[in-house]
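Thanks for coming, everyone. I have one model to walk through today. Please take a look at it on the screen.

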Amino acid sequence: MHPGPSSNKLETTSKYAFRGLRDLTHLYSVASESLSVDTFTYKNDVYVAISAPSTESCMIFQWDHIEMNFRTYDNITGQSTVGCKSVIIKYEVFVIVAQLFGGSHIYKFDDDQSRFNKFQDIEVSKISKPNDIEAFQIGSDWFFVIADSSKAGLSTLYKWNDNGFYSYQSLHEWYRDTDVEFLDLDGKAHLILASRSQVPVIYQWSRSNQKFILQGEIPNMEDVVVVKHFRIKEELYLAMTRYIGDSKVLRWGTKQFAEIQALPSRGSMILQPFSFKERYYLALGSDYTFSQIYLWDEDNKIFDRFKEVYIQAPRSFTVVSTDRRDFIFSSSFKGNTQIFEHIIIDLSL
């Protein structure tokens, strides 16, 4: 890819640093509300795709190695865009754009034009109210799942066939799914689907059937809106987001997940794990108050409260790394998207 339009929607704000050996510094804000942030690397350049329903677009930013900031690269227009997810297959870049209206579409990067062009439509009959996109690879095959949150929705698995993605399997019908998470569990591919109408369910990939088979559920976890997995020193954990009550951290043990910690939640739509150089964090968003950043305590094997950040209605926290620098993009449903940098402060001076 080559430099795109010179316009830049990133607005520099006053910097402030949270004191500590490693900390977060607020750098910029993107002058738009957003629901999701995704990042991908192509030909040694780092890109960020931001779904912005208020501006009806998927905004593509590129890291500028000279100016050392994120600059506008392309803009994929749409209608009520709720998700932008990148997939790179055989050196080709695709962006899946999920929309509430006008159907959902797949765009492909054109090297000659240095822009994304529409590549494929996704069947409207399958997806009516998309809420999350998860892309992944099993063996040599590429897939993505769209979780559908409508009453008559069909969360659907799509598979790449060298010419495009096609509908491959319907999952978890009629349950108003809010989130889907792909993970490796004991060496086997699994999907976890979260729904407002029942506890999260687990699907396992069957090599013989070449399909996902319903395996079980995660009990006592009603009203989970988002599921994220992460690993700390080979241990597998789940971060389970609840809007009201307690969000939960679970650890995989002997063939089941067990709760290890409850985090009080007020209007929480995301409990996002992320890590930098053996430091493990959880970001718990809030629609009503400050969002909380937790840091893993290795001795006690739990997360301790680390910092507070104010973001209006956060919906995602996404790590973007480039030029030996680490950033966190935080989407906001009711305000500007915020960018923080994870920094190391030299306390020896």
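Let me fix one term before anything else. Buried means under 20% relative accessible area, exposed means over 50%, and partly exposed is in between. Keep in mind that this is a predicted model.

Now apply that cut-off. Is Ser57 buried or exposed? Its relative accessibility is 1%. That is under 20%, so Ser57 counts as buried.

Where does Ser57 sit? It lies in strand E5, which covers residues 57-64. Which side chain does Ser57 pair with in a polar contact? That partner is Asn75, and the distance between the side chains is 3.4 Å. Asn75 also appears among the residues that Ser57 touches. Leaving out residues up to four places away in sequence, the list starts with Ile50, Ser51 and Ala52. It continues with Asn75, Ile76, Thr77, Gly78 and Thr81.

Next residue: His190. Which strand holds it? His190 is found in strand E16, residues 188-195. Its relative accessible area is 2%. With the cut-off at 20%, His190 is therefore buried as well.

His190 has two polar contacts to mention. Its side chain reaches the backbone oxygen of Lys188 at 2.9 Å. The His190 side chain also makes a polar contact with the side chain of Gln215, at 3.4 Å. For the wider surroundings, again skip residues up to four places away in sequence. His190 then touches Glu181, Phe182, Leu183 and Leu185. It also touches Ile202, Tyr203, Gln204, Phe212 and Gln215.

Now zoom out to the whole chain. How many helices and strands does the protein have? The secondary structure comes to zero helices and 29 strands. Of the 349 residues, 56% count as buried. Ser57 and His190 are both in that class.

What about overall dimensions? A compact globule with 349 residues would have a radius of gyration near 20 Å. The protein has 20 Å, which agrees. Its C-alpha atoms fill a box of roughly 60 × 55 × 35 Å along the principal axes.

Contacts next. Take those between residues at least 6 apart in sequence. Of these, 41% join residues at least 24 apart.

Last, surface and charge. The accessible surface comes to about 15,800 Å², and 47% of it belongs to carbon and sulfur atoms. There are 37 positive and 44 negative charges. How far apart are their mean positions? They are 2 Å apart.

That's my tour. Over to you.

Note on methods:
Residues numbered from 1 in each chain as written. Predicted model: local features only at pLDDT ≥ 70, side-chain atom pairs only at ≥ 80, totals over all residues. Heavy atoms only, no water. Helix = DSSP H or I, 4+ residues; strand = E, 2+ residues; numbered from the N terminus. Rg over C-alpha atoms; globule rule 2.2 N^0.38 Å. Buried < 20%, exposed > 50% of the residue type's maximum accessible area, 1.4 Å probe, protein only. Contact = heavy atoms within 4.5 Å. Areas by Shrake-Rupley, 256 points an atom, 1.4 Å probe, with all protein chains shown as cover. Lys, Arg positive; Asp, Glu negative; His and termini not counted. Charge placed at Lys NZ, Arg CZ, Asp CG, Glu CD. Polar contact = N/O pair within 3.5 Å; in protein donor to acceptor, adjacent residues only side chain to side chain.
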